[in-house]
Amino acid sequence: MTNSGEPIKVALLGCGTVGTEVVRLLREQADDLTARIGAPVELVGIAVRRPHKHTDVPAELLTTDAAALVAGEADVIVEVIGGIDPARGLLTSALREGKAVVTANKALLAEHGGELFAAADASGADLYFEAAVAGAIPLLRPLRESLAGDRITRVMGIVNGTTNYILSAMDATGSGYGETLEEASRLGYAEADPTADVDGFDAAAKAAILASLSFHTRVTASDVYREGIASVTASDIAAASLLGRTVKLLAICERVLGEDGTESVSVRVHPAMIPRTHQLASVNGAFNAVYVEAEAAGQLMFYGPGAGGAPTASAVLGDLVAVARNKVLGGRGPRESAYADLPVRPMGETLTAYHISLDVDDQPGVLTQVAAMFAEHGVSIAAVRQEGREGESKAASLVVVTHMAPDEALRSTVDKIAGLPIVREVAAVMRVEGEQL
Ligand code: NDP
Ligand code: HSE
């Protein structure tokens with residue numbers, strides 16, 4: 001325990017988009033932070049790869065030897081390097097030595113969270129990671145603390161700013177995917193390797209963290225069903241628009257009660273069509289929004305900036321104040337809670353609903369053949385819309401929206417329909433969320 005008034009020594013690992021803003025806030029808010037914590041915060045070192053690039057921070061604080069910085073005098077390690085290595089080894093050593101860790105590293109937590117929590121428990125150290133999910137939005141603390149007395153049943157939302165930025169632009173202006181991704185990277189939203197955003201790895205890591213905290217079960221990134229936005233085309237967006245929907249990349253974590261009364265969890269990330277009237281449809285740019293449903297609390301919605309240097313640094317600083325207060329007062333934050341240990345349900349068994357747009361021959365019996373495929377797989381149709389295709393003789397567009405069915409049954413149905421001779425092209429297939437189907 002640090003006596004009141006004695007500085008809390010902080011080592012910063014990484015000084016890129018987020019780290020630069022952490023340094024700025026530490027500097028600009030030094031007096032307020034001292035008052036809030038009960039002790040001053042002293043930045044004792046900053047580990048980077050290329051010190052010559054960091055002309056805006058005091059040169060004497062910079063080092064390329066992150067391991068030595070972690071092993072040194074710091075009480076708190078703030079990690080904003082990202083990725084698995086070297087962050088994994090650095091944070092495990094820090095926690096084993098009883099140093100508090102604040103990290104924004106969702107990839108590491110989703111893959112090796114168990115190892116980090118075990119190291120924290122061994123020494124009684126704090127491990128805080130509010131910035132790892134949904135940028136500035138206070139979301140993990142409500143899940144870990146405020147809702148700890150309730151039973152969470154579902155978490156659904158937009159948790160990746162980069163892909164939301166891209167999808168919003170595609171929907172609003174029809175702008176291209178590549179140019180919008182470049183813009184998102186320039187604005188500091190994208191990961192160092194933006195395929196982590198586009199292919200859904202970043203959202204899947206966040207979904208794993210959300211599911212772990214919500215369902216008191218250790219869920220790793222590899223447990224999460226994942227599809228990114230790389231395959232979302234202008235024609236998908238147009239198909240959605242035609243029926244008053246838009247496309248969003250959603251993370252969905254559900255507690256599922258089986259017919260035999262046993263519980264499991266379903267965790268998935270994929271693009272989905274949602275009604276334009278749904279609140280998530282108006283979440284644009286790099287903003288994130290997450291619905292949390294709990295038995296007693298009902299439905300809660302969390303909304304705000306989901307990416308970017310300053311918003312993320314706000315969440316990092318919040319955690320830094322929390323762990324520093326614990327050091328000053330001699331307490332400890334929440335530990336890992338994984339006692340429920342629920343199994344993860346395969347995606348094929350998860351109930352979803354599909355939107356399917358087909359280009360078909362315009363001839364008698366087409367609808368019957370398509371409908372027969374759904375019936376064969378036990379999938380019920382919620383709505384059908386057919387229109388002749390302008391300029392194409394004997395061609396029609398057929399849009400089918402299904403009721404909820406096991407995802408595997410829906411996928412098999414689409415495969416079979418694609419093979420029907422009367423089907424010229426499967427123009428768009430996407431899951432539908434946010435409405436009663
Ligand atoms: P950047 O790529 O901008 O910054 C990474 C920093 O880490 C750089 O300063 C880099 O040094 C340093 N670094 C890389 N490798 C090493 C190493 N081996 N030893 C020491 N330093 C190293 O990343 P961001 O700031 O965007 O992201 C940091 C973390 O925050 C990631 O985990 C990310 O997922 C997470 N995050 C990011 C958000 C965002 O909007 N950007 C939002 C929420 C979370 P150098 O500058 O010298 O190359
Ligand atoms: N690359 C991430 C995103 C940063 O776009 O959401 C925030 O975690």
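**Ligand sites, a pocket and cavities**

A nitrogen atom of ligand 2 lies 2.7 Å from an N or O atom in the side chain of glutamate 191, a polar contact being a pair of N or O atoms within 3.5 Å (within protein, one must be able to donate a hydrogen and the other to accept it, and residues adjacent in sequence count only if both atoms are side-chain atoms). This is a predicted model, in which local features need pLDDT of at least 70 and side-chain atom pairs count only at pLDDT 80 or more, while totals for chains, interfaces and linings use all residues. Residues are numbered from 1 along each chain as its sequence is written, chains are lettered from A and ligands numbered from 1 in the order in which they are written, and side-chain values use heavy atoms, with hydrogens and water left out.

Two lysines also hold polar contacts with ligand 2. A polar side-chain atom of lysine 106 is 2.5 Å from an oxygen atom of ligand 2, and an N or O atom in the side chain of lysine 206 is 2.7 Å from an oxygen atom of ligand 2. Of the 260 Å² of accessible area that ligand 2 has on its own, the protein covers 94% (areas come from the Shrake-Rupley method with a 1.4 Å probe). Helix H7 (161-173) and helix H10 (201-215) are the elements that give two or more residues to the shell around ligand 2; helices (H or I, at least four residues) and strands (E, at least two) are DSSP runs numbered from the N terminus. Around ligand 2 there are 13 residues, of which Lys106, Gly161, Thr162, Tyr189 and Glu191 come nearest; a residue is near a molecule if one of its heavy atoms lies within 4 Å of it. This shell divides into 4 nonpolar, 4 polar and 5 charged residues, where Ala, Val, Leu, Ile, Met, Phe, Trp, Tyr, Cys and Pro count as nonpolar, Asp, Glu, Lys and Arg as charged, and the others, Gly among them, as polar.

The text now turns to ligand 1. Its shell has 23 residues, with Cys15, Arg50, Lys106, Glu191 and Gly308 nearest, and divides into 10 nonpolar, 9 polar and 4 charged. An oxygen atom of ligand 1 is 2.7 Å from an N or O atom in the side chain of glutamate 191, and an oxygen atom of ligand 1 is 2.6 Å from a polar backbone atom of glycine 308. The protein covers 87% of the 890 Å² of accessible area that ligand 1 has on its own.

Empty space is found on a 1 Å grid over the protein atoms alone: a cavity is a set of points where a 1.4 Å probe fits but cannot get out, a pocket is an open set with protein on both sides within 12 Å along at least five of seven lines, and lining residues have an atom within 4 Å of a point. The second largest pocket is lined by 23 residues, of which Arg154, Glu254, Arg268, Met404 and Glu433 lie nearest its centre. Domain 2 (140-305) and domain 3 (348-432) both contribute to its lining, so this pocket lies between them; domain bounds come from an automatic or database domain assignment.

The largest cavity is lined by residues including Tyr128, Arg141 and Asp319, and helix H6 (residues 140-146) gives the most to this lining, with 4 residues. Because domain 1 (8-135 + 309-329) and domain 2 (140-305) both give residues to the lining, the largest cavity lies between them.
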